[in-house]
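I opened the notebook to log a few lookups. Sequence and coordinates come first, then my entries.

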Amino acid sequence: MSARTNKPHEVVERALELSRADGCVVIADEESTANLRWAGNALTTNGVTRGRTLTVIATVDGREGTASGVVSRSAVTADELEPLVRAAEAAARGAGPAEDAQPLVSGVPESPDFTDAPAETSSAVFADFAPALGESFARARAGGRELYGFANHELVSSYLGTSTGLRLRHDQPKGTLELNAKSPDRTRSAWAGRSTRDFKDVDPAALDAELAVRLGWAERRIDLPAGRYETLLPPTAVADLLIYQMWSAAARDAAEGRTVFSKPGGGTRVGEKLTELPLTLRSDPNEPGLETAPFVLAHSSGDDASVFDNGLSLSATDWVREGTLTHLSTTRHSAGLTGLPVAPTIGNLILDGGEDRSLEEMVAATERGLLLTCLWYIREVDPATLLLTGLTRDGVYLVENGQVVGEVNNFRFNESPVDLLGRATEAGRTEKTLPREWSDWFTRAAMPALRVPDFNMSSVSQGV
């Protein structure tokens, strides 16, 4: 009998019973996905998948300190459960003392639904969305454009049990919608994306209408050279840049002088003003519409996560408060090393503090500048300044006297998100957005558009 036929909480309990280690953490992740794909104004594929991944973390106390061993496997059968536990124990015994070793978390109240069946998604999540998408196909066909894209919904129920008595459970939905509109000759392309928990708040007709406008803008082509331009970054582009900033904000790395958040001469830049705009960059596990796990779920240790912190309660955290850097991400271990408060990473990111101005209103207030659609192929150039490079994609538009007058060529950019925050002169209305570049890893974001007076378009790109 396979482990998947057993209830996940029973698998967690059985793995803990089998453990001979000094400490043990078990995480069972039950995942189900449903998806739709379409091309040329017609559905092409759809499907539903299900699976389970089991992670066992064994800790062994030795003369020189506590070691940890982590083993994760999918589709574990009942016969494979004990070998999996033994493999984690062997990994711990074969490892040296874990630098991030801490006592396993205890004292967190049990989740009342820990023994309930996992939540599952299905094609029913698209019950209202799919017919609306079909109507959009008809409108697009009549309007001389072709729609391509996909909708994906994932639901993961995570069960966390530890030898110190924790029994926690979290259900995490994640939905993404990406829609491309193309002219029949494929010379013009426009993109729009949305992040959603349940596909009840996405409107394919509205997205199609938005894309139709952008394809219309692209009927006039204007070539521009590389240079610095006043640029309007839409929420999706701001999200992609600030998510990378968040991933680069580990306190220990900063304290050791290796990142943009390192203070010259030693220490970190916590307490330093990063921008004159009253912007607050924050995470909150209970943010409406962007809810995420209220406790640490760490399948491995790294710069900003520790398996020893599994189950640690999370609370709202301001990373930047009204323009001032207030927190860097820490585990219990790195907090002790740096003298900063414990502040684990959280699975969402929100930038607040802008004006209640839509992107359209910001365009109307622009004398001359560029309006981006999104960024892609973002890569780090210099960690000391967090200089990033990447490409624009699916539409860069020239704005003159408050009107979009045409589409320009794509560019390669070179910018640091930290530096951009300091140079931004305006932030618009915060709204939920889908980060296009990082949507496989991070989807829960809410950002405003930003106006940057001198965004560095370092070279012309032939990207689309």
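**Entry 1: the largest cavity**

Which elements each supply at least two residues of the lining of the largest cavity? I looked this up in a predicted model. The two elements are α5 and β10, the latter covering 317-321.

I then took the lining residue by residue. It consists of Q245, M246, A249, F261, L281, W319, V320, L325 and H327. I sorted these by character. Seven are nonpolar and two are polar. None is charged.

Next I asked for the volume. The largest cavity comes out at about 70 Å³. I also searched the whole structure, and that search returned four cavities of 30 Å³ or more.

**Entry 2: helix α5**

I went on to α5, as it had turned up in the lining. This helix runs over residues 235-247, 13 in number. From first C-alpha to last I get 18 Å. The expected span at 1.5 Å a residue is also 18 Å, so α5 is close to expectation.

Is α5 largely enclosed or largely open? It is largely enclosed by the rest of the structure, because twelve of its 13 residues are buried. I listed the buried ones: P235, T236, A237, V238, A239, D240, L241, L242, I243, Y244, Q245 and M246. Q245 and M246 I had already met in the cavity lining.

**Entry 3: D394**

I moved to strand β14, residues 387-400, where D394 sits. Is D394 buried or exposed? Its relative accessibility is 4%. Buried means under 20%, so D394 counts as buried.

I then checked what its side chain meets. One polar contact goes to the side chain of S189, at 2.7 Å. Another goes to the side chain of R436, also listed at 2.7 Å.

**Entry 4: N414**

My last lookup was N414, which lies in strand β16, residues 410-415. What does N414 touch, leaving aside neighbours within four places in sequence? I found V381, L387, L388, T389, N456 and S458. With T389 there is a polar contact, side chain to side chain, at 3.4 Å.

I also took one C-alpha distance. N414 and L391 are 23 residues apart along the chain. Their C-alpha atoms are separated by 9.1 Å.

Key. Residues are numbered from 1 along each chain as its sequence is written. This is a predicted model: local features need pLDDT of at least 70, side-chain atom pairs count only at pLDDT 80 or more; totals for chains, interfaces and linings use all residues. Side-chain values use heavy atoms; hydrogens and water are left out. Helices (H or I, at least four residues) and strands (E, at least two) are DSSP runs, numbered from the N terminus. Buried means under 20% relative accessible area, exposed over 50%, partly exposed in between (1.4 Å probe, protein chains only). A polar contact is a pair of N or O atoms within 3.5 Å; within protein, one must be able to donate a hydrogen and the other to accept it, and residues adjacent in sequence count only if both atoms are side-chain atoms. The expected span of a helix is 1.5 Å times one less than its number of residues. On a 1 Å grid over the protein atoms alone, a cavity is a set of points where a 1.4 Å probe fits but cannot get out, and a pocket is an open set with protein on both sides within 12 Å along at least five of seven lines; lining residues have an atom within 4 Å of a point. Grid points are joined across faces, edges and corners, and a volume is the space filled by probe spheres set on the points. Ala, Val, Leu, Ile, Met, Phe, Trp, Tyr, Cys and Pro count as nonpolar, Asp, Glu, Lys and Arg as charged, and the others, Gly among them, as polar. Contact means heavy atoms within 4.5 Å.
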